[in-house]
Amino acid sequence: MKRRQCFFLSCAGALLWLAISTVLALPWVIQLSAQLSGLYAIWAVIGIALLPGYLISAMFFSNLLHTKLPFVPNHCRLPVTVLICARNEQDHIYNAIQSVVRQKYAGSIHILCVDNASTDHTQKELFRAQRSLQRPNRTIQPLFCPIPGKANALNLGLSFVRTEYFITVDADTFLEKNAVAAIMDRIDSAKAGCVAGNLLVWQAKTWVQKMQIYDYLLSIAAVKRYQGSYQVTLVAQGAFSAYRTNAVRRAGGWCQCAGEDIVLTYRLLGMGYSSLYAPQAVGYTTAPARLKELARQRTRWARGMFEGLWAVKPWQQPSGYGGYFESLNLSIVYLDLAYVFGFLFGVVLALLGMPWLVGWLTLLTLPAVLVGSISVYRFQKKIPAIQIQNSLLGLLCFFALFQAIQSVCSLWGYLQALGRRRFSWKE
């Protein structure tokens, strides 16, 4: 089925779902209006039920029409550069480099390791990796960026890239053995501007990390698959993505901001390049282990979304799909507000014996959420490279707590972005 047909069918299915949901929600709105403000009732019901239902069902129907894994020709043997930037990553950098060196990729790999003014033993680990891991088709070149800031380190590394494509890998991310081959085949066969890899959580130990297993496995993967089906994946994440070198240089490289990878992806899309997703290209990232670290990360991601919107407006995207998906990002702000001041407020009311916003009818949304989650889980299970680390505690925390944490942190990030608060990387 053609891309346009899939898009309109998924939107039509979502609109039908929205129409049915609206009819069913009218008594709810009327009853709620008798207890609270009518305008608030409409705002809350749209934000916690109707709009999320439309967005989730559109993604579900689209992903249902794209159940086959993208074809990977497995013929690319081009030399490639892998760019790893590190600031105070002495505990992870050696293993990250080792995972790149051990790749089952027929082409040569040149690894540029940029130490961004580290104050620990990161430099020492870079030289250790160069001495012990380097071989003829896996070369390692340490670089040093004295000015703190991830964008500064990335742009320095970019100036040393001499290959048609390059891959960025975070210093705490470890690649599955076929990851480079899969992502290189995807970007070269499609001649795309960038391709996002399939990131999962590495060795979750704390409940905060175990909760994130399912955020990466289900939520983030589903969104990237949805957007990637229309060649407009909005975030080619810096932790593991492939890029066309001349396209990134035309875009001006990375800017110093909270979401440098988001802004770069938006700029590439704005220049007419496609942005894809490679589910077979699997990497494992070290997720924040403590709640404070997770909050800082998600606040930064929320700021990055605004920075991307400022860099390239939805109407400036040459692709209609790009403009559509970027416009949907604005609705995420509304959803976060509705979740905090609608759903969570409704939970408090229900605990006080006033189930006006949240009651037994809310449980009717669970089957839809479970069906969507199971479909994404089954898709991920089809990928041979993926090793899923299941956790019952993590699953329960994900469904019970994660969205509340995410929405609160996102709202704080939006405020920081609107206030143009200065951002620094690991300072």
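These are legends for a set of close-up views of one predicted model.

Residue numbers start from 1 along each chain as its sequence is written, and side-chain values rest on heavy atoms, with hydrogens and water left out. Because this is a predicted model, local features need pLDDT of at least 70 and side-chain atom pairs count only at pLDDT 80 or more, while totals for chains, interfaces and linings use all residues.

**View 1. The whole protein, with 13 helices and eight strands.** Helices (H or I, at least four residues) and strands (E, at least two) are DSSP runs, numbered from the N terminus. The radius of gyration is 22 Å, close to the 22 Å from the globule rule for 427 residues, so the protein is as compact as a globular protein of that length. That radius is taken over C-alpha atoms, and the rule is 2.2 Å times the number of residues to the power 0.38. Along the principal axes, the C-alpha atoms fill a box of roughly 75 × 50 × 40 Å. Of the 427 residues, 54% count as buried; buried means under 20% relative accessible area, exposed means over 50%, and partly exposed is in between (1.4 Å probe, protein chains only). Among contacts (heavy atoms within 4.5 Å) between residues at least 6 apart in sequence, 83% join residues at least 24 apart.

**View 2. Helix H6, residues 179–190, and what comes right after.** Ten of the twelve residues of H6 are buried, so the helix is largely enclosed by the rest of the structure. Among the buried ones are Ala179, Ile183 and Met184, but also Asp185, Arg186 and Asp188. The end C-alpha atoms of H6 sit 17 Å apart, which agrees with the 16 Å its twelve residues should span at 1.5 Å a residue; the expected span is 1.5 Å times one less than the number of residues. Following H6 is Lys191, with a positive phi near 55°.

**View 3. The Glu125–Arg128 salt bridge in helix H4.** A salt bridge here is a side-chain nitrogen of Lys or Arg within 4 Å of a carboxyl oxygen of Asp or Glu, and the structure holds six of them. In this one, the closest N and O atoms are 2.8 Å apart. Glu125 and Arg128 are three residues apart in H4 (residues 122–133), so about one helical turn separates them. Glu125 is buried, at 13% relative accessible area, whereas Arg128 is partly exposed at 34%.

**View 4. Lys150 meets Asp170 in a salt bridge.** The closest N and O atoms are 2.9 Å apart. This pair links distant parts of the chain, 20 residues apart: Lys150 belongs to helix H5 (residues 150–158), and Asp170 to the loop between strands S4 (165–169) and S5 (173–175). Both partners count as buried, Lys150 with a relative accessible area of 12% and Asp170 with 18%.

**View 5. Arg290 and Glu293 pair up in a salt bridge.** Their side chains meet at 3.2 Å, N to O. Arg290 counts as exposed, at 53% relative accessibility, while Glu293 is partly exposed at 33%.

**View 6. A nonpolar surface patch made by Trp207, Leu291, Leu393 and Leu401.** The patch covers about 340 Å². Patches are built from residues with over 30% relative accessible area and no salt bridge, joining like charges within 9 Å and nonpolar side chains (Val, Leu, Ile, Met, Phe, Trp, Tyr) within 5 Å. Leu401 lies in helix H13 (residues 392–418) and is partly exposed, at 38% relative accessible area.

Terms used
Accessible areas come from the Shrake-Rupley method with a 1.4 Å probe; for residues, only the protein chains shown count as cover.
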